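Here is a short set of exercises to work through with the model open beside you. Try each task before reading its solution.

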Amino acid sequence: MAFLQNTNSSQLVTRKIQRNVISKRTRMNVIGSGLIQLNRFKKCSKTFVLKNDYNFIDFNQFFDYRFEMIVCKLKKMTQQTSIKFNLYLDCVYVHVLTQEHRDISFKTVNVLAYTNSNFKNLLKKMFDKINKEESNFVTKRSGWSLYSIDALQLRINIVNPLTGSSYVILPDCIRNKKAVINIKLNLVINILKCLKKSGLNFHCIDFPTPVNQIKSFERLNNVSVNVFSLDNKNVVFPLYMNNVESKNHFDLLLINNGITSHYYYCFINDFCRLIRSQKTKHKSKLIICKRCFTVFSNIPCKFKLWGINGLKKT
């Protein structure tokens with residue numbers, strides 16, 4: 001019985017290795033240069049392959065080779081949506097003594113990115129992580145050395161489309177927090193009239209408004225705007241963030257009705273109340289970072305950051 005179990009497990013491992021070899025062979029046989037898109041069944045997922053056409057044998061040289069091209073692709077992908085992306089590096093290593101060749105891959109975790117993300121910094125952090133993983137591999141697996149760098153995969157998952165539309169009913173879990181103002185269509189016209197009287201210039205944006213036009217609106221009106229949205233579990237996450245909040249600042253929630261691709265902007269009038277339940281069960285007053293959702297207590301503490309000063313140091 002034990003022999004049969006060992007046989008079955010070895011067969012499963014062999015099949016997995018064969019599948020990996022086949023999928024890698026498929027990637028490497030793609031014709032083209034630069035970032036080549038692979039065909040995927042999921043519309044919300046895209047994979048691009050960058051082959052090592054110049055046979056770089058150094059990780060940093062290969063990363064620098066098309067760095068700007070990857071940055072441009074990420075910027076283009078976030079013009080109409082927020083994304084999660086990661087990197088996957090295909091390599092071949094050879095054992096010095098046995099001359100055995102083995103496919104080895106290094107990958108990074110998914111990172112959330114939106115229109116105004118600093119893609120150069122995000123990529124550099126990912127490259128550093130891959131370099132560290134490669135160094136650990138060589139240290140722990142003595143006798144193995146890099147034989148070739150085959151390709152770099154850029155894997156992108158689309159979070160959701162970013163265009164505002166008409167009135168949408170808020171999910172119960174959000175509505176019950178009483179932290180978001182959701183305006184019905186018959187009130188929108190009156191509010192727009194008030195906003196126009198306030199001196200704000202709306203000529204730089206379309207209606208409905210895509211998120212990539214918010215930056216122009218901020219610059220023209222000397223205001224700051226943050227946009228948040230909900231994932232499929234109604235968890236709030238940042239979509240568009242301004243680096244500095246001005247005196248005239250607005251926090252907005254972009255939501256979907258779950259049926260069509262139409263989205264709608266709501267005004268967040270109490271950010272801490274909106275986020276509190278997904279970070280802690282405590283009912284005391286809290287201060288929450290809008291970028292990373294780090295929670296700071298308003299009670300003085302000697303050994304950890306707290307209050308507004310703690311928020312400023314993050």
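**Exercise 1. Find which residue of S2 is the bridge partner of Ile 36, and say how S1 and S2 run.**

Solution. This is a predicted model, so the pairing is read from predicted coordinates.
- Start at Ile 36: its bridge partner in S2 is Val 49.
- Next, take the strands as units. S1 covers residues 35-38 and S2 covers residues 45-51. They run antiparallel and are joined by 4 bridges.
- Finally, check the cover on S2: 6 of its 7 residues are buried, and the strand is mostly covered.

**Exercise 2. Work out how S3 and S4 are joined, and which residue of their hairpin takes a positive phi.**

Solution.
- Locate the strands: S3 spans residues 81-95, and S4 spans residues 101-107.
- Count the links: 7 bridges join the two, in the antiparallel sense. For one position to look at, Leu 89 stands opposite Phe 106 in S4.
- Turn to the hairpin. There are 5 residues between the strands, and Gln 99 takes a positive phi near 60 degrees.

**Exercise 3. Decide whether Asp 90 and Tyr 88 are buried or exposed, using under 20% relative accessible area as the cut-off for buried.**

Solution.
- Asp 90 lies in S3, and Tyr 88 is found in S3 as well.
- Asp 90 has 2% relative accessibility, so it counts as buried.
- Tyr 88 has a relative accessible area of 18%, so this residue is buried too.
- Now look for partners. The Asp 90 side chain makes a polar contact with the side chain of Gln 153, at 3.5 Å.
- For Tyr 88, compare sequence and space: Ile 130 is 42 residues away in sequence, while the C-alpha to C-alpha distance is 8.9 Å.

**Exercise 4. Explain why S9 is described as largely enclosed, and describe its pairing with S8.**

Solution.
- S9 covers residues 236-240, and 5 of its 5 residues are buried, so the strand is largely enclosed by the rest of the structure.
- S8, residues 224-230, pairs with S9 in the antiparallel sense over 4 bridges.
- One of these positions can be checked directly: Leu 230 has Val 236 in S9 as its bridge partner.
- Between the strands of this hairpin there are 5 residues, and Asn 234 takes a positive phi near 60 degrees.

**Exercise 5. List the buried residues of H7 and explain why they line one face of the helix.**

Solution.
- H7 runs over residues 214-221, and its buried residues are Ile 214, Phe 217, Glu 218 and Asn 221.
- Looking down the axis of H7, these buried residues fall within an arc of 100 degrees, so they line one face of the helix.
- The spacing helps here: an α-helix has 3.6 residues a turn, so residues three or four places apart point the same way.
- Just after H7, Asn 222 takes a positive phi of about 55 degrees.

**Exercise 6. Find where the pLDDT is below 50, and how many contacts those stretches have beyond near neighbours in sequence.**

Solution.
- Begin with the whole chain: the average pLDDT is 77, and 71% of the residues score at least 70.
- Residues 1-22 have pLDDT below 50, with 1 contact beyond near neighbours in sequence.
- Residues 161-165 are also below 50, and this stretch has 28 such contacts in the model.
- Where pLDDT is low, the predicted coordinates should not be read in detail.

Terms used. Residues numbered from 1 in each chain as written. Predicted model: local features only at pLDDT ≥ 70, side-chain atom pairs only at ≥ 80, totals over all residues. Heavy atoms only, no water. pLDDT = per-residue confidence, 0-100. Contact = heavy atoms within 4.5 Å. Buried < 20%, exposed > 50% of the residue type's maximum accessible area, 1.4 Å probe, protein only. Arc of directions from axis to C-beta. Polar contact = N/O pair within 3.5 Å; in protein donor to acceptor, adjacent residues only side chain to side chain. Pairing = 2+ DSSP bridges.
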